[in-house]
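Thanks for coming, everyone. I'll take one chain and walk through how its helices and charged pairs fit together. Have a look at it first.

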Amino acid sequence: MRKIVDDLQDDNENYRKIVMETIEKICATLGVADVNSRLEEKLIDGIQFAFQEQLSDDTYVMLNGFGTVVNCFGPRMKSYIPRICGTIQWRLGDRSAKV
């Protein structure tokens with residue numbers, strides 16, 4: 001996961017979706033027990049960026065991946081909740097965006 005986490009902030013939206021699907025499968029299959037705090041932070045930052053920057057109507061991949069990662073991290077997500085809620089509120093405030 002360490003090698004692809006930075007690609008969540010790539011300019012190409014389709015590539016970000018592929019990376020998100022890959023991270024989702026890694027988290028669901030292998031878990032996140034060996035993810036250190038630095039990688040955890042980079043992962044959450046990348047997912048938030050990818051979520052904010054999506055332009056297409058196909059939000060399924062990002063939302064599914066986001067949910068899987070949050071569920072895998074469980075209590076470790078507590079410190080990120082205010083940031084995530086702020087991102088979701090911002091996204092809901094944008095009339096053209098679908099959530």
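Let's start with one residue. Setting aside neighbours within four places in sequence, threonine 68 is in contact with Glu24 and Ala28. Keep in mind that this is a predicted model.

Where does threonine 68 sit? In helix H3. Buried or exposed? Threonine 68 counts as buried, at 18% relative accessibility. The cut-off for buried is under 20%.

Now widen the view to the whole of H3. The helix has 14 residues. From first C-alpha to last, H3 reaches 20 Å, close to the 20 Å expected at 1.5 Å a residue. Which residues of H3 are buried? Val61, Met62, Gly65, Phe66, Thr68, Val69 and Phe73. They are on the same side of H3, because they cover an arc of only 165 degrees around the axis. On the other side of H3, Tyr60 and Asn71 are exposed. What do the buried residues of H3 pack against? H1, H2 and H4. One backbone detail before we move on. Glycine 74, just after H3, takes a positive phi of about 55 degrees.

Next, H4. This helix covers residues 81-93. H4 has 13 residues and reaches 18 Å from its first C-alpha to its last, close to the 18 Å expected at 1.5 Å a residue. In H4, the buried residues are Ile84, Thr87 and Arg91. These cover an arc of only 60 degrees around the axis, so they fall on the same side of H4. Look at the spacing in the numbering. In an α-helix there are 3.6 residues a turn, so residues three or four places apart point the same way. Turn H4 around, and the face away from its buried side carries the exposed residues Pro82, Gln89, Leu92 and Gly93. The buried residues of H4 pack against helix H2 (37-53) and helix H3 (60-73).

Isoleucine 88 is also in H4. Isoleucine 88 is partly exposed, with a relative accessible area of 32%. Its C-alpha is 9.4 Å from that of glutamine 48, and the two are 40 residues apart in sequence.

That brings us to the pairing of H2 and H4. Their axes are 11 Å apart, and the helices pack at an angle of about 5 degrees. That makes H2 roughly parallel to H4. Who makes the contact? From H2, Ile44, Asp45, Gln48, Phe51 and Gln52. From H4, Arg83, Ile84, Thr87, Trp90 and Arg91.

Now the charges. How many salt bridges does the structure hold? Three.

Take the H2 and H4 pair first. Aspartate 45 and arginine 83 meet in a salt bridge through their side chains, at 2.6 Å, N to O. Aspartate 45 is in helix H2 and arginine 83 in helix H4, 38 residues apart, and the pair links distant parts of the chain. Aspartate 45 is partly exposed at 27% relative accessible area. Arginine 83 is partly exposed too, at 36%.

Then arginine 76 and glutamate 40. Their side chains form a salt bridge at 2.7 Å, N to O. Arginine 76 lies in the loop between H3 and H4 and glutamate 40 in helix H2, so the pair ties together parts that are 36 residues apart in sequence. Glutamate 40 is buried, with a relative accessible area of 8%. Its partner, arginine 76, is partly exposed at 29%.

Last pair. Aspartate 6 forms a salt bridge with lysine 42, with the closest N and O atoms 3.2 Å apart. Again the pair links distant parts of the chain: aspartate 6 is in the segment before helix H1 (13-30), lysine 42 is in helix H2, and they are 36 residues apart. Aspartate 6 counts as partly exposed at 48% relative accessibility. Lysine 42 is partly exposed as well, with a relative accessible area of 25%.

One more residue in H2, for contrast. Serine 37 is found there. Serine 37 is exposed, with a relative accessible area of 56%. The C-alpha atoms of serine 37 and glycine 67 are separated by 19 Å, and the two residues are 30 apart along the chain.

To wrap up, come back to H2. Lysine 42, glutamate 40 and aspartate 45 are in that helix. Each takes part in a salt bridge. H2 is also roughly parallel to H4. That's my tour. Questions, please.

Terms used. Residues numbered from 1 in each chain as written. Predicted model: local features only at pLDDT ≥ 70, side-chain atom pairs only at ≥ 80, totals over all residues. Heavy atoms only, no water. Helix = DSSP H or I, 4+ residues; strand = E, 2+ residues; numbered from the N terminus. Buried < 20%, exposed > 50% of the residue type's maximum accessible area, 1.4 Å probe, protein only. Expected span 1.5 Å × (residues − 1). Arc of directions from axis to C-beta. Contact = heavy atoms within 4.5 Å. Salt bridge = Lys/Arg side-chain N within 4 Å of Asp/Glu carboxyl O. Axes fitted to C-alpha atoms, helices over the stretch in contact; angles between N-to-C directions. Parallel < 35°, antiparallel > 145°, perpendicular 65-115°, else oblique.
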